[in-house]
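Trainee: Hi! Could you walk me through this one?
Mentor: Happy to. Let's have it on screen before we talk.

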Amino acid sequence: MRQAIRALGWATKIFWVVIAVFMITCFYSAMSLMTNLMTGDIPLGKPEVSFSNGTATVSIPFSFNNTGLYDISDLNITTCIADYNKTLISTSTTIVPLIAHGNYIEEVHNISISLDKIVSKNTTYLLFNSGNFSIEIFAGLKFAHVFPFQISVNAPMPWGAPFSNFSIGEVSFDYANQKVIIPLSFKNDSPYFDVSGNIHYDIYNYENDLVYSGMTHLDPVKSDGSYEKQLELPVDPSTLEERGRIHFLFETSIFSFEKEIRWGDTSD
Amino acid sequence: MTEKKEEKTFVESVMLRVFKAAIMGVITFFLYCLLPMLMFSMIPTEGLPSEFSSFFSKYENLVYVFAAIMICFAVAIQLSSGTIFQHAFSIAKAIVLILYFIYALEGGILTLSIPTGEITISILADLTTFLAILILVNLLALAKSMFETINFLSQKAEQLPTDTSKEEKITSIPELK
């Protein structure tokens, strides 16, 4: 009995010493990392935006100097971007398996937004309406291979639609010259790219018959620039006076998509 | 004369116990209160959001509670040393510490949410492994105290029959009757 008590006593004491040493060293490491964070030793580089194959990629370089006494493993940075309707637009993950103590790493976190997916996922409204996206950044890591930590940051991210407020103005009918004039306008709110390409359009009359097809070229509309043009269509105005619809096909260097606008009595 | 001597020995032993308890109290106070407070004062809270400060102040208070628990039990155990209460207090201390750690570490999952304007920062720390280790160590201490209690009681039980047999022996000797 006495030996068992003695053994348990020693085990308890040894455990307490180990815990105390571990806690103190953890505290020291955490303080060291915190000081680094506050003095800017974990810097975020300047984000770079690039486009390829219908995908916009924001690359954020970052570096991490592990001055603590323990390894940091399974560093996982995940960025989720949802639009103003809470539809998930993009999920990007960067994983750093291990940052050994005393080591310095440099990595790049890539956030990809596929414009093709936006078009194919029926979220083309994002191309026409600017607003605030919600960006959620999760950073998870394991400290000393034992303690999992997670930091999540939820922030709004302004979204600039490349065809913001795309609309047709008041359709005017020129009976004398047998013309229909349709004013087109939009604003490029996107801070990242210019809009250029072609707009194909098909005009349907009140009986849903195709009355005219055409194409207009989009000269590069710079960021924060506006586009205004009047489409003069040699069509009999009487066929479009009551109601009509115009079907647009946008073809830009980055993506292509369709949109339809109606005018007149749209009860049918 | 013998009574006075016995009284003096009793007072001396009580004084010695009180002195030891006081020393233990001071050591415990230094180890579990002053040292952690020194560590807390090293945390650079300037420039951090107020939520951080309130989080740290909550843990500062919990350190005081921990120190109070440790000091109370250290003094109580020292005062009641050599009695069954010493082991009872040891058992109570292990149980109270287990409950304290579960409460202080919020079951192992610590969360902190810092809203700064439109941005919300949430921090989550999973300390379940650490909590499990702390509980395990306290369970070891609990087991040790249990064994000590059993040992103490068995020694007492062993002493009692010996005393009665001595009395029996004395009464059986005709000259001493």
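Mentor: We'll go through the contact between the chains, then some salt bridges.

Mentor: This is a predicted model, where local features need pLDDT of at least 70 and side-chain atom pairs count only at pLDDT 80 or more, while totals for chains, interfaces and linings use all residues. Residues are numbered from 1 along each chain as its sequence is written, chains are lettered from A and ligands numbered from 1 in the order in which they are written, and side-chain values use heavy atoms, without hydrogens and water.

Trainee: Cool. How many residues does each chain put into the contact?
Mentor: Chain A gives 27 residues and chain B gives 33 residues, where contact means heavy atoms within 4.5 Å.

Trainee: And how much area do chain A and chain B bury between them?
Mentor: About 2800 Å², with 79% of it on carbon and sulfur atoms. Buried area is the accessible area (1.4 Å probe) that two parts lose on being put together, summed over both.

Trainee: Which parts of chain A supply the side that touches chain B?
Mentor: Helix H1 (2-38) and strand S7 (147-159) of chain A each supply at least two residues. The largest share, 15 residues, comes from H1(A). Helices (H or I, at least four residues) and strands (E, at least two) are DSSP runs, numbered from the N terminus.

Trainee: What does S7(A) join to in chain B?
Mentor: Strand S2 (residues 119-126) of chain B, through six bridges, and the two run antiparallel. Two strands pair if DSSP finds at least two bridges between them. In this pairing, Ile151(A) sits opposite Ile123(B).

Trainee: New topic! How many salt bridges are there between chain A and chain B?
Mentor: Zero. Over all chains, though, the count is six. A salt bridge here is a side-chain nitrogen of Lys or Arg within 4 Å of a carboxyl oxygen of Asp or Glu.

Trainee: Which residue does Lys187(A) meet in a salt bridge?
Mentor: Asp224(A), at 3.2 Å, N to O. The two are 37 residues apart in the chain. Lys187(A), Asp189(A) and Asp224(A) are also linked in a network of salt bridges.

Trainee: Is Asp224(A) buried or exposed?
Mentor: Exposed, because its relative accessibility is 53%. Buried means under 20% relative accessible area, exposed over 50%, partly exposed in between (1.4 Å probe, protein chains only). Lys187(A) is partly exposed at 30%.

Trainee: What about chain B, which residue does Lys144(B) pair with?
Mentor: Glu148(B), with the closest N and O atoms 3.6 Å apart. Both residues lie in helix H4 (residues 128-172) of chain B, four residues apart, about one turn of the helix.
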